[in-house]
Amino acid sequence: MPPRERDTYGIDFATLRVFVVAGGERSMQRAALSLGISQPAVSQAIQRLEQGLGVRLIDRTVRPFKLTAAGDVLMLRGEALLSELERLKVEVQDAGDALASSLRVGLMDSFATTVGPLLVRNLRNYADRISLWSGVSPGLGDDLLRRNLDLIVASDPMYGLGGLDRSALLEEPFVLALPASLRETDGADLQSLVHGLAFVRYSVRSFMGQQIEQYLRRIGFSVLPKLEFNSTEPVYSMVAAGLGWAITTPLCLAQAGFHRNAGVRIAPLPGEQLKREVYVLTREGEFAELAQRVAVFSREALRQLVVDEFAPTMPWLSSQMIVGTREIP
């Protein structure tokens, strides 16, 4: 029987992944949480790696620990090796038309609620086991880069980072969500809203919340919110109860069940238009065929579940929603 890779080279891929995650986190505790193993297991894996290579990889005399010169080299090359190994695995699976043993998918909340159930049913044809996470875009992006997720649907394209493949799914306008009891003339401009009702905002921890805050600053509005939430449902509930107004999107309205609630009225955003785009993102060269299938399926689902839902009652809104068909570099 041939010797294992570790016996010959001092490295095996599982242990290398532990080291790369720990090196990126600069914390064995956070690495353990990320990998789903115990902190002693992380420490022992790094010690085995050091023994196999015969060099010290981390400086344990400082907190948080630092990588040694040898550790820096292994971190840089190790990330590339792991990425190449994952790419090789995907290419072999695609070539053999085999089911992936597991698939880890991250969906932003509004997409998870609306398209998520149909997407998961469709993905069962391509993976034995599917793990589904939902959350805000920055968090999903971080997990994709850390290899905790294989594919995500998010509104943050992360253009500043290389090594990612992107496919556009939807471009949608931001709109005003107003209490139905508010007279239509009262919502004609933001100035009347600012002085008349509380602003119910999305947390700036989300990419959507950041977009809205940047928009308000650009147009010269300084709004002190009294109500702030991480997700659409409580934002929508506050508006429906007549407690304030919000800026949101059609996909979020569909998530909150807008057509089942008569307590909210939708109006165009006055002045400068603000738009949000939704993307499928994967690491470059990985799960390329599957990502394309997800994009095609998701676009059709978005047409049926979101765009066509608003067409009969709000043609002005549905006409501003563009189901993406282009690939993003």
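Which helices each supply at least two residues of the lining of the largest cavity? Hold that thought, everyone, and let me set the scene.

What we have is a predicted model, where local features need pLDDT of at least 70, side-chain atom pairs count only at pLDDT 80 or more, and totals for chains, interfaces and linings use all residues. Residues are numbered from 1 along each chain as its sequence is written, and side-chain values use heavy atoms, with hydrogens and water left out.

OK, cavities. On a 1 Å grid over the protein atoms alone, a cavity is a set of points where a 1.4 Å probe fits but cannot get out, and lining residues have an atom within 4 Å of a point. Grid points are joined across faces, edges and corners, and the volume is the space filled by probe spheres set on the points. The structure holds two cavities of 30 Å³ or more.

The largest has a volume of about 170 Å³. It is lined by 17 residues, and the closest to its centre are Asp109, Val136, Ser206, Met208 and Arg276. So much for suspense: the helices are helix 6 (109–114), helix 10 and helix 12 (250–255). Helices here are DSSP runs of H or I with at least four residues, strands are runs of E with at least two, and both are numbered from the N terminus. The lining splits into six nonpolar, nine polar and two charged residues. For that count, Ala, Val, Leu, Ile, Met, Phe, Trp, Tyr, Cys and Pro are nonpolar, Asp, Glu, Lys and Arg are charged, and the others, Gly among them, are polar.

Now helix 10 itself, residues 207–218. Its twelve residues reach 17 Å from first C-alpha to last, close to the 16 Å expected at 1.5 Å a residue, that span being 1.5 Å times one less than the number of residues. Met208 is buried, and so are Phe207 and Tyr215, among others; buried means under 20% relative accessible area with a 1.4 Å probe, protein chains only. After the helix comes Gly220, with a positive phi near 85°.

The second largest cavity holds about 40 Å³ of space. Helix 11 (232–240) gives the most to its lining, four residues, and strand 10 supplies at least two. This lining has seven nonpolar residues, two polar and no charged.

Strand 10 takes us to the sheet: three strands, open, in the order 10-7-11, with antiparallel pairing. Strands pair if DSSP finds at least two bridges between them. Strand 10 (246–248) and strand 11 (264–268) are the edges. Five bridges join strand 7 (residues 175–179) to strand 11, and Leu178 has Arg265 as its bridge partner there.

Methods. Buried means under 20% relative accessible area, exposed over 50%, partly exposed in between (1.4 Å probe, protein chains only). On a 1 Å grid over the protein atoms alone, a cavity is a set of points where a 1.4 Å probe fits but cannot get out, and a pocket is an open set with protein on both sides within 12 Å along at least five of seven lines; lining residues have an atom within 4 Å of a point.
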